[in-house]
Amino acid sequence: MAVAAAPAAGLPPPPARVVSRRRAIRLFKISLLSPLIVMFALVLMPALLLQLYFSFHQWTVYLGTWWDAEFVGLDLFQEVLTDPRFGWAIVRSLLFATGSTIGCFVFGFLLAYLMYEPFRGNAVYYIIFILPMLTVPVVVAYTAEMMLYQSGPINDILSRLSGTEFKPAWLSDPNIALATVGLLEIWNWTPFSFIIMLAGLSAIPKEPIEAAEILGASKWRIFWEVQLPLLRPVILLALVLRFLEAMAEFPKTWALFQGGPGSATETLPIYIFMTTWQYFQISKGAAMSYIVMLMMIVIVLLAIRLLRREKQSLDKMYEQPSKAEG
Amino acid sequence: MARIELVNLEKSFGAVKAVKDLTFTIEDGEFIVFVGPSGCGQTTTLRMIAGFEDPTSGEIRINGKVVNDLEPRDRGLGMVFQSHALFPHKNVAQNIEFGLRMKKVPAEERVRRVREVADMVRIGHLLDKMPSQCSGGESQRVALARTLVTNPSTFLLDEPLSSLDAKLRRELRAECDRLHQALKRTFIFVTHDQEEAMTLADRIVVMRNGEIVQVGSPMEIYSNPVNYFVADFFGSPSMNLVAGEIVQGTAGTRFRAPHFDIALPTRFGTAKPGAATLGIRPESVGVAIGAKGDIELPVRLVEPLGKDTLLYFDAGTERAFVAVTEGLSMAEIKVDERIPLTLDPLRIHLFESDGRRIDTGA
């Protein structure tokens with residue numbers, strides 16, 4: 001062991017202490033990750049493999065044992081990709097997710113902007129604003145069903161406020177059904193965007209804002225020129241997370257519409273569910289799920305790349321204060 | 001042109017009174033330094049002048065006009081922050097240009113003026129860099145330039161140098177001084193560094209616990225501190241302070257402490273007997289080798305600094321009793337040697353037990 005301490009020419013091997021430290025760190029990392037790995041191996045992996053098996057074999061519940069199912073190659077994928085109903089489901093899901101994400105973000109950001117400077121009683125507002133997120137989506141759907149009847153309280157209030165007969169059929173008009181779910185999604189999940197944006201706004205250092213203030217910037221210019229650019233990574237995060245969640249929205253849509261009226265609210269999760277458990281086309285459902293999963297993986301990878309880039313630029317921006325301490 | 005008056009200014013944060021009944025006038029073109037230990041209310045005062053904090057009561061007037069309800073941007077002031085507060089997503093030129101853009105100055109003029117101030121604070125070569133690529137000193141110059149370019153009537157500087165190392169601090173201190181002389185604007189500078197205050201200020205405002213303790217030129221503050229706190233706060237090395245008592249006897253007024261028994265100058269003839277603290281600056285203590293001194297103390301440490309030599313004596317007090325002697329002639333003094341010392345009678349201060357200076361009437 002004494003040899004390790006002796007200085008050697010060129011690159012000396014790292015001392016034993018460093019090696020054992022590195023090993024300990026690696027061990028620690030593995031031990032932290034192991035529950036996740038075990039869960040992945042025991043739960044997620046079998047499900048994914050089974051799904052993969054089904055998407056290459058024609059099988060459904062009444063077709064005998066699943067391990068004897070007929071191998072059909074890529075037939076099912078071809079079927080799904082040429083299915084116009086699947087195409088429309090994608091369009092509806094994208095529409096729904098985009099619209100509700102923007103809605104959640106706009107309202108969430110607005111509330112966060114109103115709330116980020118502490119004021120008396122802000123905790124009460126905070127709780128009120130968070131409440132929708134704590135409500136179970138199915139409860140949101142059933143409550144909405146009662147409120148949104150054509151001659152129900154919402155239309156009544158809207159009519160009284162506007163002074164005109166305002167009676168949209170929120171729950172039965174195929175032209176607005178998807179928008180109805182979208183509005184509910186916005187109501188349900190604005191708190192999520194609110195919390196993220198509130199955290200982001202509160203994390204911006206105060207001094208650049210005050211500097212802008214005394215240099216003559218109005219509130220609007222400060223927002224536009226200082227706060228918004230500094231918030232970019234947070235905004236991106238809020239949008240991406242909300243979008244991914246909205247793509248997977250199922251409970252409210254199902255509880256209210258089951259894909260109807262007609263196929264007006266038949267989004268991807270609804271269509272996959274119907275294919276699998278109403279038409280019992282288990283294999284087609286599996287193939288669809290795989291395609292959707294690949295789609296989402298592409299979106300997630302893109303999002304991670306974007307987020308990483310934003311984070312790096314943010315880190316670079318904030319390098320300076322620490323340097324100045326020196 | 002800016003004459004700033006603070007009238008009965010108060011600021012409370014909940015139950016904490018950060019600034020208490022502050023009345024003070026800053027004349028046009030003056031370099032004022034608010035100084036005191038951290039948290040004594042100087043920064044709060046500055047932030048109230050800037051308009052970032054609303055006073056709990058009292059008035060702030062700029063050129064006679066009450067500005068309490070004016071937004072920061074309408075007060076015509078410029079501010080430099082301790083943390084530089086540059087916009088991290090804008091390059092140096094865009095940072096400097098910001099104030100001009102907000103005032104809708106045409107583009108060509110903006111470019112010209114940015115160049116001008118960048119050259120003035122010697123950062124012309126940095127204009128394309130991002131703040132993260134600038135060093136601490138450079139960042140603070142950029143912050144100065146960003147303020148300069150808007151041509152404010154008054155510069156508010158909130159501990160602008162405290163995040164820099166000693167050498168940069170001296171350099172930028174000189175820069176501030178130069179800018180003040182060149183621009184002839186009002187400067188209000190907040191610091192907790194007495195040396196910064198001494199070197200920069202026309203007038204120093206010493207604050208403590210939200211109150212003004214003393215206002216005066218650096219020389220006044222240094223040679224006539226109104227109380228123990230000011231005496232102790234200013235000067236490096238700090239004033240020697242020895243706790244003891246004043247005794248009135250047949251031999252006149254004397255000051256007694258464990259190693260001290262000295263006759264006080266006649267101006268202290270009317271001083272009340274009792275506990276008191278004697279203060280004398282290290283440079284007013286004379287080393288009288290071979291002669292008869294006022295006191296005789298053992299040497300604990302000799303610190304030859306080149307230009308001066310510092311002698312640390314044991315006076316039985318917590319802090320060593322320090323004397324400054326010119327050159328290195330005293331560098332050979334041995335530790336534990338007992339040295340006779342003289343105290344310049346004109347430079348002796350006495351403080352009452354509550355810290356107030358015992359006035360001599362002279």
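**Reading a two-chain model**

Modeller: Let's start where the chains meet: 26 residues of chain A are in contact (heavy atoms within 4.5 Å) with 33 residues of chain B. This is a predicted model, where local features need pLDDT of at least 70 and side-chain atom pairs count only at pLDDT 80 or more, while totals for chains, interfaces and linings use all residues. Residues are numbered from 1 along each chain as its sequence is written, chains are lettered from A in the order in which they are written, and side-chain values use heavy atoms, with hydrogens and water left out.

Biologist: How much area do chain A and chain B bury between them?

Modeller: The size of an interface is often given as the accessible area lost when the parts come together. Buried area is what two parts lose that way (1.4 Å probe), summed over both. Here chain A and chain B bury about 2600 Å², with 61% of it on carbon and sulfur atoms.

Biologist: And how many salt bridges are there between chain A and chain B?

Modeller: A salt bridge is a side-chain nitrogen of Lys or Arg within 4 Å of a carboxyl oxygen of Asp or Glu. Between chain A and chain B the count is three, while a search of the whole structure finds 39 over all chains. Take Glu225(A): one partner is Lys90(B), with the closest N and O atoms 2.8 Å apart. That pair runs from helix α10 of chain A to the loop between β6 (77-80) and α2 (92-102) of chain B. Helices (H or I, at least four residues) and strands (E, at least two) are DSSP runs, numbered from the N terminus. Glu225(A) also forms a salt bridge with Arg101(B), and there the closest N and O atoms are 2.2 Å apart.

Biologist: Are Glu225(A) and Lys90(B) buried or exposed?

Modeller: Buried means under 20% relative accessible area, exposed over 50%, and partly exposed in between (1.4 Å probe, protein chains only). Both Glu225(A) and Lys90(B) are buried.

Biologist: What about a salt bridge inside chain B, say Arg173(B) with Glu195(B)?

Modeller: Those two side chains meet at 3.6 Å, N to O. Arg173(B) is in helix α5 (residues 166-183) and Glu195(B) in helix α6 (residues 194-200) of chain B, so the pair ties together parts 22 residues apart in sequence. Arg173(B) counts as buried because its relative accessibility is 11%, but Glu195(B), at 38%, is partly exposed.

Biologist: Where do Arg112(B) and Glu109(B) lie?

Modeller: Both are in helix α3 (residues 107-120) of chain B, three residues apart, about one turn of the helix. Their side chains meet in a salt bridge at 4.0 Å, N to O. Arg112(B) is partly exposed, because its relative accessibility is 46%, and so is Glu109(B), at 28%.

Biologist: Which residues are linked in a network of salt bridges?

Modeller: Arg3(B), Glu5(B), Glu27(B), Glu59(B) and Arg61(B) are linked that way.

Biologist: What is the mean pLDDT of chain A?

Modeller: pLDDT is the predictor's confidence in each residue, from 0 to 100. The mean for chain A is 87, and 94% of its residues reach 70 or more. Two stretches to look at are residues 1-8 of chain A, where pLDDT stays under 50 and the model has one contact beyond four places in sequence, and residues 320-326, where pLDDT is below 50 but the stretch has 14 contacts beyond near neighbours in sequence.
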